[in-house]
Structures are given as C-alpha cells and as structure tokens.
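Please read the following briefing with the sequence and the structure side by side. It moves from the whole chain to a sheet, a hairpin and a pair of helices.

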Amino acid sequence: TPPAERYEYQAEVSRLMDLIVNSLYSNKEVFLRELISNASDALDKLRFLSVTQPDLLKGGVDLDIRIQTDKENGIVTITDTGIGMTQQELVDCLGTIAQSGTAKFLKALKDSKDAGGDNNLIGQFGVGFYSAFLVCDRVVVSTKSPKSDKQYVWEGEANASSYTIREETDPEKLLPRGTCLTLHLKRDDKGFAHPERIQKLVKNYSQFVSFPIYTWQEKGFTKEVEVDEDPAETKKDGQDEQPEKKKKTKTVVEKYWDWELTNETQPIWLRNPKEVTTEEYNEFYKITFNEYLDPLASSHFTTEGEVEFRSILYVPAIAPMGKDDIVNPKTKNIRLYVKRVFISDDFDGELFPRYLSFVKGVVDSNDLPLNVSREILQESRIVRIMRKRLVRKAFDMILGISMSENKDDYDKFWENFGKHLKLGCIEDRENHKRIAPLLRFFSSQSVDELISLDEYVENMKPEQKDIYYMAADSVTSARNTPFLERLLEKDLEVLFLVDPIDEVAIQNLKAYKEKNFVDISKEDLDLGDKNEEKDKEIKQEFGQTCDWIKKRLGDKVASVQISNRLSSSPCVLVSGKFGWSANMERLMKAQTA
Ligand code: ADP
Ligand code: MG
C-alpha cells in the first residue's frame with residue numbers, strides 16, 4: 001500500500017474554516033445542503049460531458065445521490081455517481097480556494113469588512129465543502145474520476161492545518177465512479193446520524209436538486225405467519241398418541257432497511273405555474289443562486305411556436321457587491337438547460353444584453369442541440385429569438401414591480417438597477433419604448449420623490465410641447481440655477497438629471513411620447529412666448545451693451561446675447577446649442593483629471 005501523503009492547506013482555507021466554524025455554529029445543518037449541492041454539481045458535470053463522451057457513463061450506474069446514517073458510530077455517508085476527482089483535483093479543490101462559491105463568499109466578507117460591516121454576511125453564501133467541519137471531527141472523501149484508473153482518499157480533521165491523500169486499496173470501498181464522503185460527526189452532533197433527521201433535512205434543503213436523492217430508511221411490513229398452537233393445550237389427557245398439530249395465524253411486523261427516494265426530482269420549471277407557490281419559487285431562487293433575500297419579482301413562462309422553451313426569471317432584491325458588475329455580463333445569472341440537462345451558466349451577452357445581466361433565472365430549451373457550444377450559441381437563430389422573448393419577459397416583470405401596490409418594491413429596484421436601465425437607453429435603441437416608462441427622475445416640482453416620465457407628461461401645461469430637463473451634480477444645485485427662473489415663473493416642470501449617466505441616457509432617448517427632451521441650459525430655449533416687437537426694441541436698446549461685454553470678455557465666451565429666459569438674475573452662462581452642456585463638460589473634466 002502506498003503511504004498517505006500529507007499536504008498543507010492554502011492559508012486562506014484555514015482562515016475560511018475558522019470563520020465558518022465560528023460564525024455558523026448556530027446554523028450547522030447547512031453542511032448537508034452544501035454537500036448535496038456539490039454532489040449535484042458533480043452529477044451535472046458528468047451528464048454534460050457524457051453528451052460528447054458517452055464512454056463516461058460506462059459501468060451503467062445511475063446518476064443519483066445516496067445518504068446513509070450509522071447511528072451507533074455517529075457517521076453519515078453521502079455517495080454520488082458524479083464526475084469524481086483525480087488526485088490533482090483533490091489538492092486543487094479541497095486544499096485551496098479557487099472555487100466560485102467560496103471565493104465569492106470570502107470576497108463578500110472582505111467587502112463588508114471594508115465597508116465597516118460585521119460578519120453577519122456569513123451564512124448568506126454557499127460556504128461549500130468546508131462547512132462539513134461544522135459538524136465533523138473527521139471527513140473522508142473517497143473519489144474516482146473517469147479520467148483516472150485509481151481511486152483516491154482525501155482525509156482531513158477539524159482544526160488541522162493539513163490533510164492527507166492516499167490511494168484507495170480496500171476493495172470493498174471501490175466505486176464505479178463518483179465520490180463517497182464519510183462524515184465522522186462530533187460528539188455533540190451525532191444526532192445528525194438519524195435517518196429521520198436526514199430525511200427531514202433533505203426534504204427541506206434539497207427539494208430542487210434534479211437528481212434523485214435516496215436515504216437509507218428502516219421500513220416495516222406486516223405479515224401473517226402460521227404458528228403451531230401451544231401443544232400444552234392439546235395434550236390434555238395424557239394420551240400417548242401424537243395429537244394432530246393445530247395451526248394458528250399470527251400478524252408480525254417484519255423490519256428491514258432500504259433506500260427511499262426522498263426528493264421530488266421534477267424540475268420546478270416543468271411544473272404547472274398554477275401549482276407552484278411563491279414560496280417555492282423563492283426557495284428555488286435562493287438555493288440555486290446562493291441568495292439570502294427573496295427576489296423582488298419572478299416570472300414563470302413557456303413559449304411556444306417557432307421556438308419552444310420554459311423559463312423562470314427573477315429580479316434580485318439587491319445588486320451584487322462590487323462596482324464593476326454593471327459592465328460585467330459574465331454573471332452566471334442564467335442557467336441554460338437543454339432537455340433538462342444543465343448546459344452552462346457562463347454567458348457573455350448571448351441570452352441577455354449586458355444592461356439586463358442582473359436578471360437571474362433558468363432557461364430550458366428543447367430546440368437546441370445538447371452539445372451546444374459557445375460558437376453555436378452566438379450564431380444561433382434560435383438563441384436570438386429566445387433572447388428577444390427573454391428580454392421582453394424581463395421588462396414585463398420590471399413593469400410589474402413598478403405597478404405593484406407596494407411602492408417600496410420599485411424604489412428598491414430603482415436604487416439597485418436604475419443605472420442598468422439608463423445604460424439600456426444608451427445601448428439598446430430597440431427597447432427604448434420598454435425602458436422609458438421605467439425611468440425615474442427628480443424634478444423642480446418633486447425634489448424628494450422620484451417621478452416617472454408618464455407623471456411628467458400628465459403634469460404638462462396644455463401649450464407645453466417639450467419635456468424640460470436640467471443636468472446638475474445635485475438636486476440642490478439644479479434648484480438654484482438661474483436657468484430655472486422663467487420656467488418656475490411659468491409653472492413649467494423641469495426634470496433634474498443628477499446622476500452622471502442621466503444626461504446621456506436622455507439624449508439617446510431623444511423623445512418620450514412624441515415630446516422632445518430639451519435642455520434648459522442651452523441657448524435658444526424657446527418657451528413659446530416670443531414677442532418679436534418687444535425683442536427688437538430690447539435688442540436696439542441693449543445691443544451696444546452686449547458688444548461691449550463681448551469685447552471685454554474676448555475669447556472667454558462665444559457670444560453675448562439678449563435673452564428672455566431670466567426673471568431676477570441679471571445674466572447667465574449658457575452652452576452653445578451644439579456644444580456640451582455645462583454638466584457634460586464637468587463630467588469630461590472629471591474623467592480626464
Ligand atoms: P463550490 O461548490 O462553490 O465550487 P465547494 O467548496 O463546495 O465550492 O467545493 C469545492 C470544489 O470541490 C468543487 O468546485 C468541486 O470541484 C469539488 N467537489 C466538491 N465535492 C465534490 C463531489 N462530490 N464530486 C466532485 N467534485 C467535488
Ligand atoms: Mg459547493
């Protein structure tokens with residue numbers, strides 16, 4: 001037997017294990033969810049690879065997860081027939097942190113610390129494999145990858161800085177394929193080694209795992225057995241003759257152990273939307289995307305006709321942490337299935353434009369080939385049609401939030417994803433009609449509460465033709481600008497664009513409901529009240545004054561003109577019709593600084 005080799009954990013792993021054990025102790029049972037989700041991921045990987053490499057399935061074992069408990073010894077074993085791990089993969093996966101869930105968790109923890117937050121974040125993320133040490137003294141992972149002839153055993157103990165790997169030599173423990181975890185429970189946690197307890201947890205946590213999960217359960221059945229009647233009764237009179245044996249039937253309970261299917265394996269998106277509760281949708285969302293807050297909205301639909309697919313989409317309650325997310329479309333937010341087989345969650349704008357990349361969900365298509373590749377996705381007409389429908393559904397869902405009775409919901413949405421929609425104004429001309437009604441701004445008549453463009457239009461004066469806006473760095477400075485004076489006097493509402501991206505977004509929209517957006521800080525602002533006679537008079541009277549000022553200022557200004565837009569301020573600096581607005585100029589300066 002080759003000896004076990006000892007390896008040190010990467011420093012982060014030790015730190016992570018400490019954190020997990022110290023912060024999650026009141027929520028220990030999450031270990032089971034994490035380990036089942038790893039088993040399910042391993043089965044997904046195998047099923048996906050087997051599409052192009054059917055050899056991987058040889059041995060003919062089913063794709064499932066089996067959990068067995070040993071009450072006496074306080075042991076739980078979890079066995080899957082998934083992709084397994086090679087020796088190197090054991091080192092890479094269980095000795096270092098390079099993996100998604102855990103990496104994300106650590107980053108979130110760091111971000112929250114940087115932001116002065118506390119450690120409450122833990123428990124909100126998938127903490128992964130190491131959560132086993134919440135309840136275990138010792139964990140043994142025996143695993144067989146189809147890529148290797150040999151099976152390897154990883155063994156680690158709680159509070160240790162190293163682990164061992166050896167080859168599996170016990171013929172009784174050889175697996176056809178996959179991974180078997182043996183969990184040696186801590187003394188106080190041996191209660192997890194009860195079949196009913198495990199069954200309950202599986203039902204709770206893993207109802208959306210799409211592979212069958214079997215638990216080892218004690219069962220009983222009743223049976224009628226024939227027994228001899230008591231001979232004492234029949235042998236009354238001391239006769240020598242053997243009495244004829246009388247038979248009697250009796251009911252006995254026969255006990256035995258067997259595997260019992262413990263989860264519902266039909267994917268939730270295949271169920272009839274009428275029969276799925278909001279709680280079930282939310283639970284599925286939280287489990288699938290490692291989220292801790294319920295989504296703001298969800299939408300479950302089937303499309304038929306040219307392209308058929310089923311989907312459940314969600315709008316998250318908060319934007320992911322990290323500022324770069326708005327321009328990062330690679331969010332793993334959409335899980336694509338083909339005929340129920342998980343294909344990929346690694347998209348780069350194929351299914352949603354980047355400004356909608358915050359939408360999460362699953363999409364299951366019957367029309368794509370199982371071995372669909374990135375290239376196929378990018379070229380596919382089917383995918384283009386799917387994308388169109390998905391985008392439409394996403395907008396319906398967002399519109400739904402905006403019409404919800406609970407006003408808070410849309411406020412939350414806007415706070416988190418308003419920027420994304422503004423980016424949509426710039427990047428997705430085709431959907432301007434869908435985006436515009438969802439936009440919100442402050443205005444001269446609503447400085448505390450955001451209004452929609454519809455509200456603005458409703459509030460327009462009968463003779464008013466345009467939608468007025470003023471870009472500034474804050475509501476306060478917008479309010480104090482001299483440009484507003486005449487408009488306020490005439491009781492015309494002006495949108496305050498105070499987010500740097502607002503002005504570009506509005507300029508891209510150009511108009512809403514056939515009303516043009518007009519920047520009140522540009523020259524030539526026409527409020528529809530021109531009086532030619534009077535203008536001429538004033539020009540004659542003050543023309544020379546203008547010339548004089550222009551001479552004094554020289555190149556500092558393009559021109560000096562008489563204007564009718566002020567009421568109490570003597571003068572104002574305006575931008576040329578075709579130039580940048582003062583706000584834009586400020587932004588450009590900030591960018592090059
Ligand atoms: P995550 O699941 O987020 O990647 P985990 O800590 O849960 O992080 O798991 C780390 C890695 O260990 C997984 O990405 C996977 O490569 C490997 N792994 C864990 N459990 C199994 C398993 N049952 N079968 C195959 N690989 C596994
Ligand atoms: Mg995991």
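Across the protein chain of this predicted model, the average pLDDT is 87, and 88% of the residues score at least 70. For the model as a whole, the scores are an ipTM of 0.99 and a pTM of 0.73.

**The chain overall**
- The secondary structure of the protein chain comprises 17 helices and 20 strands.
- The protein chain has 593 residues, and 32% of them count as buried.
- When contacts with a separation of 6 or more are considered in the protein chain, 72% of them are between residues 24 or more positions apart.

**The nine-stranded sheet**
- Strands of a sheet pair through backbone hydrogen bonds, and this pairing is either parallel or antiparallel.
- Here 9 strands form an open sheet with mixed pairing, and their order is E1-E6-E5-E4-E7-E3-E2-E8-E9.
- At the edges lie strand E1 (5-8) and strand E9 (247-261), each of which pairs on one side only, while the twist from one strand to the next averages 20°.
- Within this order, strand E4 (residues 136-144) and strand E5 (residues 151-157) pair in the antiparallel sense over 7 bridges, and lysine 144 has glutamine 151 in E5 as its bridge partner.

**Helices against the strands**
- Helix H2 (residues 30-52) lies across four strands, namely E2 (65-70), E3 (75-80), E7 (178-185) and E8 (213-228), and it runs at about 20° to E3.
- Helix H3 (residues 87-94) packs on the sheet, where it touches E1, E4, E5 and strand E6 (162-167), and its direction makes about 25° with that of E5.

**A hairpin**
- Strand E12 (residues 334-338) pairs with strand E13 (residues 341-344) in the antiparallel sense over 3 bridges, and tyrosine 337 has phenylalanine 342 in E13 as its bridge partner.
- The two strands E12 and E13 form a hairpin with 2 residues between them, and lysine 339 in the turn has a positive phi of about 45°.

**A pair of helices**
- Two packed helices are described by the angle between their axes and by the distance between those axes.
- For helix H9 (residues 381-402) and helix H10 (residues 407-427), the axes come within 7 Å and cross at roughly 130°, so H9 and H10 are oblique to each other.
- On the H9 side, Ile398, Ile401 and Ser402 meet Asp409, Tyr410 and Phe413 of H10, and by class this contact has 4 nonpolar, 1 polar and 1 charged residues.

Notes: Residues are numbered from 1 along each chain as its sequence is written. Chains are lettered from A and ligands numbered from 1 in the order in which they are written. This is a predicted model: local features need pLDDT of at least 70, side-chain atom pairs count only at pLDDT 80 or more; totals for chains, interfaces and linings use all residues. Axes are lines fitted to C-alpha atoms, for helices over the stretch in contact, and angles run from 0 to 180 degrees between N-to-C directions. Angles under 35 degrees count as roughly parallel, over 145 as roughly antiparallel, 65 to 115 as roughly perpendicular and the rest as oblique. Two residues are in contact if their C-beta atoms, placed from the backbone, lie within 7 Å. Ala, Val, Leu, Ile, Met, Phe, Trp, Tyr, Cys and Pro count as nonpolar, Asp, Glu, Lys and Arg as charged, and the others, Gly among them, as polar. Two strands pair if DSSP finds at least two bridges between them. A residue is buried if 20 or more other C-beta atoms lie within 10 Å of its own, exposed if 12 or fewer, and partly exposed in between; C-beta atoms are placed from the backbone. pLDDT is the predictor's confidence in each residue, from 0 to 100.
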